[in-house]
Amino acid sequence: MLHRLTINGKTKLYGIVGNPVSHSFSPEMQTHAFQHLDLNAVYLPFPVKEPDLSKLLDAFWVMGVQGFNVTVPYKEKIVGLLSELSEEARFLGSVNTVRRTDQGWKGFCTDGFGFTRALTIKGIALQGKNIVLLGAGGAAKAISFALANAGVNQIVIINRTQEKASDLQKRLLDFNPSLNVSVNPTSHSAHDILINSTSVGMNGEDIPAAAELVLSSQLVIDIIYNPPLTALLKTAKNAGIAIYNGIDMLLYQGVEAFEIWTGKQAPVQVMFDSLKKSLAFAQEM
Ligand code: ATR
């Protein structure tokens with residue numbers, strides 16, 4: 001259903017800060033969501049160079065901006081410019097969502113909880129599951145923290161750079177010493193879910209894990225959403241293994257951000273339809 005576009009003297013402003021931001025699907029997705037709920041708000045892209053980041057935050061404050069997303073390369077750099085952090089943002093040292101409060105800007109990271117919420121909605125229980133997580137970068141950190149909170153039994157981190165995997169293991173154990181986390185094991189015990197959080201697969205036929213590891217999974221998830229079917233997912237699918245790509249994680253990080261800003265339940269289907277259209281358009285280009 002088409003909603004009347006409201007834009008007037010009371011319109012609230014939201015946005016996304018990064019460099020570049022021109023590829024982002026969020027302005028359209030979030031504005032559709034605002035309009036669907038008859039919220040008088042718009043969401044715009046704000047590309048910014050690093051020396052101007054703190055000036056932009058001051059300008060946002062003066063302009064009455066209500067909230068914004070943060071993307072590459074500022075998710076970590078923004079942390080020092082905020083007045084308050086949520087628990088997961090503190091753990092991750094990374095922020096993708098900022099809300100205006102009476103005390104100043106408060107930072108959150110919705111990537112990990114977006115990921116686990118997407119699975120819960122699909123009916124996939126995480127409690128007690130054994131997970132193999134490929135990668136130890138920003139996305140892996142967010143996902144592993146959310147998995148730890150969802151009560152998984154074991155997380156095995158596999159990463160090209162051992163130190164980064166060990167650092168993530170240490171952080172997770174500092175958060176919860178009873179967590180079962182291992183790094184780059186030489187042999188593998190049975191696992192339920194394999195998650196790719198690396199960028200391998202974005203640009204071609206590379207697969208980020210050994211075939212036997214992929215084929216011994218019950219479910220394979222790739223956080224990549226473009227292309228929608230990576231070589232990893234193709235391999236799993238051909239073997240009859242259940243697969244998900246990253247579109248739902250992208251959707252639910254936005255759903256969670258919307259709910260943090262507005263306190264209202266996000267119109268998930270509207271946001272999903274918007275994302276699907278943007279993605280189809282991007283793939284045609
Ligand atoms: P993001 O925020 O998207 O997670 P990131 O923090 O740069 O991005 O992390 C990228 C992840 O992809 C890392 O785990 C990286 O492995 P390294 O820690 O060894 O750098 C992984 N990655 C990227 N390119 C890779 C490649 N060609 N082979 C294996 N792993 C790769």
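How much area does the protein expose, and what share of it do carbon and sulfur atoms supply? The protein exposes about 13,700 Å², and carbon and sulfur atoms supply 52% of it (Shrake-Rupley method with a 1.4 Å probe).

This is a predicted model, where local features need pLDDT of at least 70, side-chain atom pairs count only at pLDDT 80 or more, and totals for chains, interfaces and linings use all residues. Residues are numbered from 1 along each chain as its sequence is written, and side-chain values use heavy atoms, with hydrogens and water left out.

**View 1. The overall fold has 10 helices and 12 strands.** Helices (H or I, at least four residues) and strands (E, at least two) are DSSP runs, numbered from the N terminus. The C-alpha atoms fill a box of roughly 60 × 40 × 30 Å along the principal axes.

**View 2. Half of the story is inside: buried residues make up 50% of the 285 residues.** Buried means under 20% relative accessible area (1.4 Å probe, protein chains only). Counting contacts (heavy atoms within 4.5 Å) between residues at least 6 apart in sequence, 67% join residues at least 24 apart.

**View 3. Gln35 sits in helix H1, which spans residues 26-36.** Do you expect to find Gln35 buried or exposed? Gln35 is buried, because its relative accessible area is 9%. A polar atom of the Gln35 side chain lies 3.3 Å from the backbone nitrogen of Thr6; a polar contact is a pair of N or O atoms within 3.5 Å, one able to donate a hydrogen and the other to accept it within protein, and residues adjacent in sequence count only if both atoms are side-chain atoms.
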